[in-house]
Amino acid sequence: MAPVSAPDCTVLERFPAGAPRGSRSAEAFAADRRAAGQPAEVVMDLSSDSFLVIVRGGVR
């Protein structure tokens, strides 16, 4: 999945909130991105019921 940009962030990946592991998959992906030097974080998108891994200010 290609990154989706918003004015103040880039969504790197989406994970369904109803998944059996909850946010753990998103947290693991974000940790991998941080280890690679991207300041990734996990946020909840209530409108899509998903956890999003984002980078504020765009991809770095």
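This is a short tour of one protein chain, stop by stop, for you to follow in your viewer.

**Before you click**

You are looking at a predicted model, where local features need pLDDT of at least 70 and side-chain atom pairs count only at pLDDT 80 or more, while totals for chains, interfaces and linings use all residues. Residues are numbered from 1 along each chain as its sequence is written, and side-chain values use heavy atoms, with hydrogens and water left out.

**Stop 1: the whole chain**

Show everything as a cartoon. You should find 1 helix and 4 strands (DSSP runs numbered from the N terminus: H or I of at least four residues for helices, E of at least two for strands). Starting at the N terminus, the order is β-β-α-β-β. Of the chain's 60 residues, 28% are buried (buried is under 20% relative accessible area, exposed over 50%, partly exposed in between, using a 1.4 Å probe and protein chains only).

Now colour by pLDDT, the predictor's confidence in each residue, from 0 to 100. The chain average is 86, and 83% of the residues score at least 70. Confidence is lowest in strand β1, residues 4-5, with a mean of 54. Where pLDDT is low, the predicted coordinates should not be read in detail.

**Stop 2: the helix**

Select residues 24-35. This is α1, where confidence is highest, at 96. Its 12 residues reach 16 Å from first C-alpha to last, close to the 16 Å expected at 1.5 Å a residue (the expected span is 1.5 Å times one less than the number of residues). Step on to Gly37, which follows α1 and has a positive phi near 100 degrees.

**Stop 3: the hairpin**

Next, select β3 and β4. They run antiparallel and are joined by 6 bridges (strands pair if DSSP finds at least two bridges between them). Together they make a hairpin with 4 residues in between. For one of the partnerships, pick Met44 and look across to Phe51 in β4.

**Stop 4: the turn**

Which residue in the turn has a positive phi? Click on Asp49: its phi is near 50 degrees, a positive value in a residue other than glycine. Most residues other than glycine have a negative phi. Asp49 is partly exposed, with a relative accessible area of 44%.

Leave aside the neighbours within four places in sequence, and Asp49 is in contact with Pro16, Ala17 and Met44 (contact means heavy atoms within 4.5 Å). Draw a line between the C-alphas of Asp49 and Pro16: they are 6.5 Å apart in space, yet 33 residues apart in sequence.

**Stop 5: the salt bridge**

How many salt bridges does a search of the whole structure find? It finds 1, counting a side-chain nitrogen of Lys or Arg within 4 Å of a carboxyl oxygen of Asp or Glu. Show the side chains of Arg56 and Glu41, whose closest N and O atoms are 3.0 Å apart. Arg56 sits in strand β4 (residues 50-56) and Glu41 in strand β3 (residues 40-45), so the pair ties together parts that are 15 residues apart in sequence. Both partners are partly exposed: Arg56 has a relative accessible area of 41%, and Glu41 has 27%.
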